[in-house]
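Visitor: Please choose one part of this structure and take me through it closely. I would like to know what it packs against and how.

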Amino acid sequence: MTTDLQQMGRDARRASFALLGLGRAQKDALLQTIIEQLQAHQATILEANAEDVKEAEANGIGGAMLDRLLLTPERLAAICDDIRTVIGLPDPVGEDIDSKLLENGLRLSRRRIPLGVLGVIYEARPNVTIDVAVLALKTGNAAILRGGKETLRSNLALVAVLHRALKAHDLPKAAIGLIADPDRALVAQLLKLDSHVDMIIPRGGAGLHQLCKEQATIPVITGGIGICHLFVDQSADLMRALDVIENAKVQRPTVCNALDTLLVHQAVAAELLPKVKSRLAPLGVTLKGCHASCSHIDIDAAADGDFDREWLSLTLGIKVVADVDEAIEHIRSHSSEHSESILTQDMANANYFAASINSAAVYINASTRFTDGSQFGLGAEVAVSTQKLHARGPMGLEALTTYKWLAEGDYHIRG
């Protein structure tokens, strides 16, 4: 199999120009057709995914990656629901920002426009194929996708659905391209395709993000690695806190917004930690704690580096802290700046925590599991950005746009 990335890039660029002329009604009709095609070809998609899962299991893949790879009728239905949410959202393209009339009579504004062509590199997450395509098409962007080899059959089936929808609306299939060749050299080539690709979005582990940052000649949006913390303050409602802790850790432990480290105020540690163990141990959660934690409950001691790990499994680190300041300092030292939460009845502490933590999402009395494009009302998401430029947190429609300056005059000349 030979993949000509230069040609794929040229085709994607031309396709992005074709998308520029679409209005919201046309884009939303296209997304509705994608829903219909997903439903019509569900059996084919699930059969392809089952083959991917079977091969992954044979190759010893399990845990978080296998869970991310799996598609089910329920997950496909949820994907369709996310698309419906995107359909219901305003199209940011063409929106004027900060319009103002200058003293010289020139009217100046910033107008949102598509980024152009996105290069998205991801691992065993077939849902990303649809998430990216839907958000890209709604904002008039083309995309070149490179999923992991573990999900190749699933991605081929999903991209075939997308191409059918594009054809039904007389749009070029190159608007959504898939690099189906598993050759890793193509990733390096994509990272340097700056003549055709405007932004690289990696969705994977730290190694992938580091590779993109080091080798790309294109702007890279980094994020998606979540070492997430939840601090239980001394004033927290401890019984209600147990529900939040369980949800943040157990509801779906293999995702980036799942809880990794529980920080507990020393004043409530003796009361809370036995309850945490009683609640989580029957659910299969392994606890690893600091010395103070181990003095309250019989759990394994945390090893060096455990508080710097994104577990992506039913493992939870626990650390007892003296106060909110120590909790903040721990988060600053170990966080990936993804999602952090405080449980407290003391609003002064809540506001202090929120002001002191610079992660992409900060919660007061809520689970970290809400850091998600759908939960934030953005529909699907392209990624969760933890960097500070251009976009932060779940990246929805606006994050896939830039702007141009638009100046309107009356045959103005500069004196």
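Guide: What follows deals with one helix and its partners, and then with some cysteines and backbone angles.

This is a predicted model, in which local features need pLDDT of at least 70 and side-chain atom pairs count only at pLDDT 80 or more, while totals for chains, interfaces and linings use all residues. Residues are numbered from 1 along each chain as its sequence is written, and side-chain values use heavy atoms, with hydrogens and water left out.

The part chosen is helix 2, residues 24-40. Helices here are DSSP runs of H or I with at least four residues, strands are runs of E with at least two, and both are numbered from the N terminus.

One partner is helix 5 (residues 73-88), whose axis lies 10 Å from that of helix 2 at an angle of about 170°. Axes are lines fitted to C-alpha atoms, for helices over the stretch in contact, and angles between N-to-C directions run from 0 to 180 degrees. Helix 2 and helix 5 are therefore roughly antiparallel; that term applies over 145 degrees, with roughly parallel under 35, roughly perpendicular from 65 to 115 and oblique for the rest. On the helix 2 side, the residues in contact (heavy atoms within 4.5 Å) are Arg-24, Asp-28, Leu-31, Gln-32, Ile-34, Ile-35, Leu-38 and Gln-39. Their counterparts in helix 5 include Ile-79, Cys-80, Ile-83 and Arg-84. This contact divides into 9 nonpolar, 3 polar and 3 charged residues. Ala, Val, Leu, Ile, Met, Phe, Trp, Tyr, Cys and Pro count as nonpolar, Asp, Glu, Lys and Arg as charged, and the others, Gly among them, as polar.

Helix 6 (residues 126-138) packs on helix 2 at about 160°, with the axes 9 Å apart, so helix 2 is roughly antiparallel to helix 6. Their crossing is right-handed, meaning that the near helix is turned clockwise from the far one by less than a right angle. From helix 2, Arg-24, Lys-27, Asp-28, Leu-30, Leu-31, Ile-34 and Leu-38 meet Ile-130, Val-134, Leu-137 and Lys-138 of helix 6. The split is 7 nonpolar, no polar and 4 charged.

Helix 7 (residues 152-168) crosses helix 2 at roughly 135°, and the two axes come within 9 Å. Helix 2 is therefore oblique to helix 7. This crossing, too, is right-handed. Leu-30, Thr-33, Ile-34, Gln-37 and Leu-38 of helix 2 make the contact, against residues of helix 7 including Leu-158, Val-161, Leu-162 and Arg-164. Here the division is 9 nonpolar, 2 polar and 1 charged.

Ile-34 and Leu-38 are among the helix 2 residues that meet helix 5, helix 6 and helix 7.

Now the cysteines. The whole structure has 0 disulfides, a disulfide being a pair of cysteine sulfur atoms within 2.5 Å. For Cys-212, the nearest cysteine sulfur belongs to Cys-256, 16 Å away. Cys-212 is buried at 0% relative accessible area; buried means under 20%, exposed over 50% and partly exposed in between, for a 1.4 Å probe and protein chains only. The sulfur of Cys-256 is 6.9 Å from that of Cys-228, too far for a bond. Cys-256 is buried as well, at 10%.

Last, the backbone. Most residues other than glycine have a negative phi. Asp-170, in the loop between helix 7 and strand 5 (176-178), has a positive phi of about 55°. Asp-170 is exposed, at 74%. Asp-98, in strand 1 (residues 96-101), also has a positive phi of about 55°.
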